[in-house]
Structures are given as C-alpha cells and as structure tokens.
Amino acid sequence: MLTVASDIAVLARFGRALADPIRCRILLALRDAPAYPADLADALGVSRTRLSNHLACLRDCGLVVTAPDGRRTRYELADERLGHALDDLRAAVVAVETDRACPDAEEKGCC
C-alpha cells in the first residue's frame, strides 16, 4: 500500500500545481526553456512577488528546481519528463468544450 499512497501523493501534488492558471503558464514556459524569475514575471505579466509565491508552490510540489547562475537563480523543470506529461495532458483535454464547465462547477468550485 505504501507505493499506492506515494503515487496518490505525487498526483495530488501535480494536481495542486495545475490548479492555478499562473502556475500552469509558468510550467509551460519552463517546458520550453529554463528562465529567471524576473524574465518570467515580465513574460507572464505578473508581479515579481506573485510569481515568487507561485514558484515556491511549484518547488514545494517538486516540479521545479533552482540552479544558481552567478548572482541570479534560474528555474527549470525538475525532470524533463514533466514537459512530456504537460504535452500529454494538453493533448488529452482537447475534447473538452471551451465554453462549458463541468456540471458541478458552481457547487464544487471547479473548472
């Protein structure tokens, strides 16, 4: 059972990371190439403070890592397979109608 619990925890962390559109945008940006926080904030149009909070969440989830680069810190995906997983998830969801939410969206706060 320990393996199942670990698998569930990993998926829950991934789900938590994907639950916010800004974190999704960060992951997609890092899928393309490592980046510095200031550059990411500018590219995504969010404040550096807000971006920093989202990067901390992604680090805590184990999805991104930091790499020192002189006086700066570069962010990148923790594993290149995460980029492939993001691509697979995007491809799997193309059948969803963009103008509709799930039936329980208002009640459960999803979609």
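User: What relative accessibility does Arg 74 have?

Analyst: This is a predicted model, in which local features need pLDDT of at least 70 and side-chain atom pairs count only at pLDDT 80 or more, whereas totals for chains, interfaces and linings use all residues. Residues are numbered from 1 along each chain as its sequence is written, and side-chain values use heavy atoms, with hydrogens and water left out. Arg 74 counts as partly exposed, a class between buried (under 20% relative accessible area) and exposed (over 50%), taken with a 1.4 Å probe and protein chains only. Its relative accessibility is 25%.

User: Which residue meets Arg 74 in a salt bridge?

Analyst: A salt bridge requires a side-chain nitrogen of Lys or Arg within 4 Å of a carboxyl oxygen of Asp or Glu. For Arg 74 the N to O distance is 3.8 Å, and the partner, itself partly exposed at 33%, is Asp 69.

User: Which residues are joined into one network by salt bridges that share partners?

Analyst: Shared salt-bridge partners link four side chains into one network, namely Arg 31, Asp 32, Asp 87 and Arg 90.
Within this group, one salt bridge has an N to O distance of 2.8 Å and pairs Asp 87 with Arg 31. The network members are thus Arg 31, Asp 32, Asp 87 and Arg 90.

User: How many residues apart in sequence are the parts that Asp 87 and Arg 31 tie together?

Analyst: Their side chains meet in a salt bridge. Asp 87 lies in helix 5 (residues 80-92) and Arg 31 in helix 2 (residues 21-32), helices being DSSP runs of H or I with at least four residues, numbered from the N terminus. The pair therefore ties together parts whose separation in residues is 56.

Methods: Helix = DSSP H or I, 4+ residues; strand = E, 2+ residues; numbered from the N terminus.
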